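Thanks for coming. I will put the sequence and the structure up, and then walk through a few places in it.

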Amino acid sequence: MRDCIFCKIVAGEIPSQKIYEDDDVMAFYDIHPKADVHFLVIPKKHIPTYMDVEEQDLPLMGKIHSTVQKLARELELKGFRVINNCGKEGGQEVFHIHFHVLSGGKLGTPGQG
Ligand code: AMP
Ligand code: ZN
């Protein structure tokens with residue numbers, strides 16, 4: 001999609017610190033890390049938000065999560081958090097669905113303290 005920053009990363013038009021790529025999925029480090037390890041896992045397909053995922057996209061969503069698992073294993077993360085911000089009010093700034101994976105440092109825990 002034109003004017004989508006993550007589509008441009010997928011197309012190689014904007015550089016990224018790529019960790020993983022296959023036909024469907026890509027993972028790269030967040031440019032403004034919020035933890036010791038902070039990367040994003042995205043589908044190559046342009047889906048704007050979590051609420052735009054359709055039934056036909058469910059295998060792709062599964063693949064995103066198995067990619068998170070694979071990278072957590074490869075990077076030897078001791079523990080991590082997966083976050084999706086959905087919609088402007090949910091804190092989403094880039095409207096190409098992505099899952100943040102955060103690990104290490106002081107992650108605040110929602111609901112605790
Ligand atoms: P969100 O607020 O959930 O939409 O998160 C968007 C994330 O994308 C933010 O954490 C940004 O730091 C990150 N980001 C924006 N542009 C880039 C880029 N060119 N490369 C890597 N991460 C980016
Ligand atoms: Zn896009």
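Ligand 1 sits in the largest pocket. Please keep in mind throughout that this is a predicted model.

Which residues are closest to ligand 1? Asp30, Glu93, Val94, His98 and His100 are, out of 16 residues that surround ligand 1. If you sort that shell by secondary structure, α1 and β2 are the elements that give two or more residues to it. The largest share comes from α1, with three residues.

Now the contacts to the backbone. An oxygen atom of ligand 1 lies 2.6 Å from a polar backbone atom of Glu93. For Val94, a polar backbone atom is 2.9 Å from an oxygen atom of ligand 1. Gly91 also takes part: one of its backbone N or O atoms is 2.9 Å from an oxygen atom of the ligand. How much of ligand 1 does the protein bury? Taken alone, ligand 1 exposes 510 Å², and the protein buries 88% of that.

Let me stay in this region for two side chains. His98, one of the closest residues to ligand 1, lies in the loop between β4, residues 81–83, and β5, residues 99–103. Is His98 buried or exposed? Its relative accessible area is 5%, and the cut-off for buried is under 20%, so His98 is buried. A polar atom of the His98 side chain lies 2.8 Å from the backbone oxygen of His96.

The other side chain is Gln92, also found in the loop between β4 and β5. Gln92 counts as buried, at 4% relative accessibility. Its side chain has two backbone partners to show you. One is the backbone nitrogen of Gly87, which the side chain of Gln92 reaches at 2.8 Å. The other is the backbone oxygen of Val94, 2.9 Å from a polar atom of that side chain. Val94 is a residue we have already met, with its polar backbone atom 2.9 Å from an oxygen of ligand 1.

Next, the aromatic rings. A pair of aromatic rings is described by two things, the distance of the centres and the angle of the planes. How many aromatic pairs does the structure hold? It holds two.

Take Phe6 and Phe28. The centres of their rings are 5.4 Å apart, and the planes are at 80 degrees. Why is this pair called edge-to-face? Planes over 60 degrees apart count as edge-to-face, and the angle here is 80 degrees, so the pair gets that label. Phe6 lies in helix α1, residues 5–10, and Phe28 in strand β2, residues 25–29. The pair therefore ties together parts that are 22 residues apart in sequence. Both rings belong to buried residues: Phe6 has a relative accessible area of 7%, and Phe28 has 3%.

The other pair is Tyr29 with Phe39, and it is edge-to-face as well, at 6.3 Å centre to centre and 85 degrees between the planes. Tyr29 is in strand β2 and Phe39 is in strand β3, residues 37–43, so to speak of distant parts of the chain means ten residues here. Phe39 counts as buried, at 0% relative accessibility. Tyr29 is partly exposed, with a relative accessible area of 30%.

Now some backbone angles. Asp3 has a phi near 65 degrees, which is a positive value in a residue other than glycine. Asp3 lies in the segment before α1, and it counts as exposed at 64% relative accessibility. Glu76 is another such case: phi is positive, about 55 degrees, although Glu76 is not a glycine. Where is Glu76? It lies in the loop between α2, residues 58–74, and β4. At 66% relative accessibility, Glu76 counts as exposed.

One last stop, in helix α2, where Ser66 has its place. Ser66 is partly exposed, with a relative accessible area of 39%. From Ser66 to Val53 is 13 residues in sequence and 17 Å in space, C-alpha to C-alpha.

To go back to the start: ligand 1 is in the largest pocket, and the protein buries 88% of the area it exposes alone. That is where I will stop.

Terms used
Residues are numbered from 1 along each chain as its sequence is written. Chains are lettered from A and ligands numbered from 1 in the order in which they are written. This is a predicted model: local features need pLDDT of at least 70, side-chain atom pairs count only at pLDDT 80 or more; totals for chains, interfaces and linings use all residues. Side-chain values use heavy atoms; hydrogens and water are left out. Rings of Phe, Tyr and Trp (its six-membered ring) pair if their centres lie within 6.5 Å; planes under 30 degrees apart count as stacked, over 60 as edge-to-face and the rest as tilted. Helices (H or I, at least four residues) and strands (E, at least two) are DSSP runs, numbered from the N terminus. Buried means under 20% relative accessible area, exposed over 50%, partly exposed in between (1.4 Å probe, protein chains only). A residue is near a molecule or strand if one of its heavy atoms lies within 4 Å of it. A polar contact is a pair of N or O atoms within 3.5 Å; within protein, one must be able to donate a hydrogen and the other to accept it, and residues adjacent in sequence count only if both atoms are side-chain atoms. Accessible areas come from the Shrake-Rupley method with a 1.4 Å probe; for residues, only the protein chains shown count as cover. On a 1 Å grid over the protein atoms alone, a cavity is a set of points where a 1.4 Å probe fits but cannot get out, and a pocket is an open set with protein on both sides within 12 Å along at least five of seven lines; lining residues have an atom within 4 Å of a point. A molecule sits in a cavity or pocket if more than half of its atoms lie within 2 Å of its grid points.
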